[in-house]
Amino acid sequence: MSTPRYVHIILTMAGLLGLLLSVDGCTEDNLFEMGGISTLDIPANFPDMPVPDDNPMLPERIELGRALFFDPILSVDSSVSCASCHKPEWAFTDHASFSAGVEGRLGFRNAPTLANVAWAPVMLMDGGSPTLEQQVYVPLEDPHEMDFNMVLLTERLSANTYYTQRFQAVFGTAPDPFGITRALAAYQRSIISGNSRFDRYARKEPGATLTESEERGRELFFSPELSCSSCHNGFHFTSWEFINNGLYTDYGLDSGRARITAQPNDVGKFRVPTLRNIAVTFPYMHDGSLPDLEAVIDHYDNGGQGHPNQDARIKPLGLTSEQKTDLLHFLYTLTDNQFLRNTSLVE
Amino acid sequence: MKNSINILAVIGFTSLMMVSCTKKEGCMDPNATNFDATAEKDCCCEYATTFDLKLNLESYVGPTALAEGGTYNVYGTEVQFDLVQMYISNVRFVDAAGNEVASDSYQLVKPENSEYSVGSFEAGNYTKLRFDVGIDSATNHADPSLYPLNDPLGPQFPAMHWSWDAGYIFIRIDAKADQDGDGTTETAFEMHIGRDVNLRTVELDLPLDGAAGNSYTANININWLQFFNGVDLGGALTTHTGDNPALTAILVENITDLFSIAE
């Protein structure tokens, strides 16, 4: 029996009705329906969602954010939307190592999943942006992504009848940076994934089982010998720490965390990524340099390249080919098909 | 008879009171902050305890006034300045004992504007003016979306804020240099300086007996030639602070030398 917990949703209807709903232990997938987006079912094994005071999870904000997320109007030449690089069917990632921004320009990092981004304590692989609201400026103004500007976007949306009406209804103002960033962040907080086969197994839901190979893979993953789970841990399979996992001896132009701190001992450190939906979010690592999970497992089995900042837990593992297959099968159980098909997240 | 005199006296007193009631009370001193030109009875005057300050900032490259888009000789190399912007904040006066009085304001300085109102200061006798080039750490990492679009700290076009390393760009120069000396400025470069550690405090001698209620203008010159002092003009001229630490260090060292009190 699933026992999803629901976030407190403040629902305002036509500005007349204010309702505070708080339901625990509800077994339905939908708490209530309203205009497509209505529920925020937070899985029972997740902590409470941190929500900033100035951006409550109002359904109408989420919906406006969803419209913006899928609209190329945000890029300088109206060619690229957020969803161009964060594709819902691939857990809001892209299969290119580097995703094309306007005029096909390429950045230098692999688009990460946005699943459960509400819980990320800082944004970006190097922690350079403090909040989901402020992060909106990153793709918007990066010449390799949307190459636009917040002042110009505000002007463009203010000349657009659809958006002027929507912002008026949701925020009571013309489109402005506050509304744009709040709506996009609220929508992204609604991107929640916690119903993989492994989740249902871990929650001991009826009929949720693992195959023998998956079970052996699970034991390997959580074993002190492999120590995968010392970094990829918790409900989101990440400790959120900045770690050098020995991908390179020379990280070249992308120094990771050191890009922000300018500290030599932060070179090559990246925020530990989640492993949720990992089977569909290839290619892997900050630069998308590893094409498949076999290559990732080989990387860990080899014990890393030996960068001076490499974490001591990355060391040769001596895995047999059967163990590698088991580990792979376990990683496949982290795919949340319900999430990948969630039509309420798509415009 | 006695009775009627009494009644007259009462009427007289009452009418006196009525006259005084219709006289409008207000401050009749034109030097007061609440001076009321229509007042008939003087009362309740309030006097300023502060003076106002404007900065008149004129931008130059050497002896020549700077206009965006213009080309100037920078230590022998022709440089076309397309964009030159800078944040100035925390303007304060210092008295002989070293005490500071501050006004809380942020200015985005552009060559095409010279006048900046920086607010009011407690009246007093001061010897120096201090201000920061840059933005204090708490404000530097706050969310620009919380300010209106016309606020210096709000979103700007061209942007004066980095999102990927959240914080304001304290100084932004976008320019082109004629590095090969062929008469065309072919090498585009960007000097974008930010981050808490690069905030610099400028101190200028500015004796002022600041009287309450007055407005003063401090005339200050900004000589952008000084910014390039010690820079190898044939080398790489671009820095976004973190990606060219050597060049950044030279430029940041030069910040305090940009400013002087106008003669």
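# Disulfides, helix packing and the A–B interface

In this predicted model, the disulfides of chain B follow the pattern 1-4, 2-3 when the bonded cysteines are counted along the chain. A search of the whole structure, taken over all chains, finds two disulfides, and the pattern can be traced through each of them in turn. One disulfide joins B:Cys27 to B:Cys45, with an S to S distance of 2.1 Å, and with 100° about the S-S bond this link is right-handed. The pair connects distant parts of the chain, 18 residues apart: B:Cys27 lies in the loop between strand E1 (25–26) and strand E2 (41–42) of chain B, while B:Cys45 lies in the loop between E2 and strand E3 (50–61) of chain B. The two ends of the link also fall into separate accessibility classes, since B:Cys27 has 2% relative accessibility and therefore counts as buried, whereas B:Cys45, at 24%, counts as partly exposed. The other disulfide is formed by B:Cys43 and B:Cys44, whose sulfur atoms are 1.8 Å apart.

Chain A offers cysteines for which the distance test gives the opposite result. Why does A:Cys85 not form a bond with A:Cys82? The closest cysteine sulfur to that of A:Cys85 is the one in A:Cys82, and it is 8.7 Å away, which is too far for a bond because a disulfide requires the sulfur atoms to be within 2.5 Å. The same reasoning applies to A:Cys228, whose closest cysteine sulfur, in A:Cys231, is 8.9 Å away and therefore too far for a bond. As for their surroundings, A:Cys85 counts as buried because its relative accessibility is 15%, and A:Cys228 likewise counts as buried because its relative accessibility is 18%.

Chain A as a whole has 14 helices and six strands, and buried residues make up 54% of its 347 residues. Among the contacts in chain A with a separation of 6 or more, 65% are between residues 24 or more positions apart.

One helix pair of this chain can be followed in detail. The axes of helix H9 (residues 212–221) of chain A and helix H13 (residues 321–332) of chain A come within 7 Å and cross at roughly 95°, so that H9(A) and H13(A) are roughly perpendicular to each other. On the side of H9(A), the contact is made by A:Ser213, A:Glu214, A:Arg216, A:Gly217, A:Arg218, A:Leu220 and A:Phe221, and on the side of H13(A) it is made by A:Glu322, A:Gln323, A:Thr325, A:Asp326, A:Leu327, A:His329, A:Phe330 and A:Leu331. By class, this contact of H9(A) with H13(A) has five nonpolar, five polar and five charged residues.

A loop residue of chain A gives another local view. A:Thr173 is placed in the loop between helix H6 (161–171) and helix H7 (177–189) of chain A, and because its relative accessibility is 31%, A:Thr173 counts as partly exposed. Leaving aside its neighbours within four places in sequence, A:Thr173 is in contact with A:Phe167 and A:Gln168.

The last step is to the meeting of the two chains, where 23 residues of chain A are in contact with 18 residues of chain B. The area buried between chain A and chain B is about 1600 Å², and carbon and sulfur atoms give 58% of it. Of the area that chain A buries against chain B, A:Gln134, A:Tyr137 and A:Val151 supply 31%, more than any other three residues.

Technical notes
Residues are numbered from 1 along each chain as its sequence is written. Chains are lettered from A and ligands numbered from 1 in the order in which they are written. This is a predicted model: local features need pLDDT of at least 70, side-chain atom pairs count only at pLDDT 80 or more; totals for chains, interfaces and linings use all residues. Side-chain values use heavy atoms; hydrogens and water are left out. Axes are lines fitted to C-alpha atoms, for helices over the stretch in contact, and angles run from 0 to 180 degrees between N-to-C directions. Helices (H or I, at least four residues) and strands (E, at least two) are DSSP runs, numbered from the N terminus. Angles under 35 degrees count as roughly parallel, over 145 as roughly antiparallel, 65 to 115 as roughly perpendicular and the rest as oblique. Contact means heavy atoms within 4.5 Å. Ala, Val, Leu, Ile, Met, Phe, Trp, Tyr, Cys and Pro count as nonpolar, Asp, Glu, Lys and Arg as charged, and the others, Gly among them, as polar. Buried means under 20% relative accessible area, exposed over 50%, partly exposed in between (1.4 Å probe, protein chains only). Buried area is the accessible area (1.4 Å probe) that two parts lose on being put together, summed over both.
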